Amino acid sequence: MIERLPRLARRVLPSVVACRLYGSMGRARYLHDTYQALQQSGLYSRRVFLDASAVRPKFIADRTFVAHARPDDIVRLAPTVRPGDANFAAIRRQLAEGRPFLFGCSYFGCIYFALLALKDLVRELLVVVARDPAPGLHYFNKIAMASGIRITVAGTTESTIALRILRHLARGGAVATMLDCFHGERLELRSDFLGKPAASPGTLYGIARRAGAIVVPTASIHKDGKQLLEIGNLIDLPSTSIEAASQSVNDYFSDLIRTYPGQWMGWPNLLARWQLAL
């Protein structure tokens, strides 16, 4: 159905997934932690909670679409870059000069579609995912086919992951990973997120700083009936402390979350980050 009727599939898949998830333990945990985090952030309302409850089924529906759709149908789902976006133009200039980049993806929208927006910027991309990359390899391969980007996927559990990231950035490469979350078991760095201290990925910023990289946070926001790629200010790590860079990224995402709390899927992870930072 997805290959034959992609537009219809996009409309019905979220409802199908929501029905299948109903009553599952995973859904119950997600809703419980989302509720707790929204309450603690001061952003809770019934409307926001209902919107946030629908984000996870929509992400699973998007992932299912990527798995089965044709590349030509997938590439059409790339989020739109705002015309004349100064930060997008700055990224293009810095890449042309050979600067390495750490692209900060987020729990806004679908990471697979967000990567499509880089198709006119980079030819090669190292994507770093939490823990084991194997479950997501098929999806990233489909994104590579749709975008023309040569994508390599690595997991944070790999013993040589730090060296791998450093070498890739040191030769002027681009790395993409989630920067509005933290999946480590030990506290690396404590930075405020939505007004409370939260565990943050200090080691990653340290590696990128050593390689002379530029960090840029991004988010795929649903606005006016389409997905828009929001691009934060570029952070030149060699001239910025790790702590300041982390706080700048956290502040960027916090501002977006305050504006679009029902579009963010990272509430359960944020709850764990707050607890780890105590």
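## The largest pocket

Let's start with the open spaces in this predicted model. Its largest pocket has a volume of about 1,600 Å³. A total of 45 residues line this pocket, and the closest to its centre are Tyr 107, Val 129, Ala 130, Arg 131 and His 183. Sorted by class, the lining has 25 nonpolar, eleven polar and nine charged residues.

## The second largest pocket

The second largest pocket holds about 500 Å³ of space. Its lining is made of 22 residues, and those closest to the centre are Arg 10, Lys 58, Asp 62, His 222 and Gln 227. Three elements give two or more residues each to this lining: α3 (46–68), β8 (214–223) and β9 (226–231).

Which element gives the most to the lining of the second largest pocket? That is α3, with six residues. By class, this lining has eight nonpolar, eight polar and six charged residues.

## Strand β9 and its partners

You have just met β8 and β9 as part of a pocket lining. These two strands also pair with each other, in the antiparallel sense, over six bridges. They form a hairpin with two residues between the strands, and there Asp 224 takes a positive phi near 55 degrees.

Strand β9 also pairs with β1 (residues 80–81), this time running parallel and joined by two bridges. Look for Leu 229 in β9: it is the bridge partner of Val 81, and it is the bridge partner of Ser 220 as well.

## Two cavities

Now for the enclosed spaces. The structure holds two cavities of 30 Å³ or more. About 80 Å³ of space lies in the largest cavity. Among the residues lining the largest cavity are Phe 88, Phe 103, Cys 105, Leu 118 and Thr 218, along with Leu 229, the β9 residue that bridges to Val 81. The elements that give two or more residues to this lining are α5 (86–96), β2 (101–105), α6 (111–116) and β9. How many charged residues does the lining of the largest cavity have? There are no charged residues in it, while ten are nonpolar and one is polar.

The second largest cavity has a volume of about 40 Å³. Leu 21, Arg 27, Tyr 30, Leu 31, Ser 53, Arg 56 and Pro 57 line this space, and the elements giving two or more residues are α2 and α3. By class, the lining has four nonpolar, one polar and two charged residues.

## A covered helix

Helix α11 (residues 267–276) is mostly covered, with seven of its ten residues buried. The buried ones are Trp 267, Pro 268, Asn 269, Leu 270, Leu 271, Arg 273 and Trp 274. What lies over them? The cover of these buried residues includes two helices you have already seen, α2 (25–41) and α3, as well as β6 (189–193), β7 (196–200) and α10 (242–259).

## A buried aspartate

Finally, turn to Asp 73, which lies in helix α4 (residues 71–75). Is Asp 73 buried or exposed? Asp 73 has 10% relative accessibility, so it counts as buried, since the cut-off for buried is under 20%.

The side chain of Asp 73 makes a polar contact of 2.6 Å with the side chain of Arg 76. Leaving aside residues up to four places away in sequence, Asp 73 touches Glu 3, Pro 6 and Phe 65.

Notes:
Residues numbered from 1 in each chain as written. Predicted model: local features only at pLDDT ≥ 70, side-chain atom pairs only at ≥ 80, totals over all residues. Heavy atoms only, no water. 1 Å grid on protein atoms, 1.4 Å probe; cavity = no way out; pocket = protein on both sides within 12 Å on 5 of 7 lines; lining within 4 Å. Points joined across faces, edges and corners; volume = space filled by probe spheres on them. Nonpolar A, V, L, I, M, F, W, Y, C, P; charged D, E, K, R; others polar. Helix = DSSP H or I, 4+ residues; strand = E, 2+ residues; numbered from the N terminus. Pairing = 2+ DSSP bridges. Buried < 20%, exposed > 50% of the residue type's maximum accessible area, 1.4 Å probe, protein only. Polar contact = N/O pair within 3.5 Å; in protein donor to acceptor, adjacent residues only side chain to side chain. Contact = heavy atoms within 4.5 Å.
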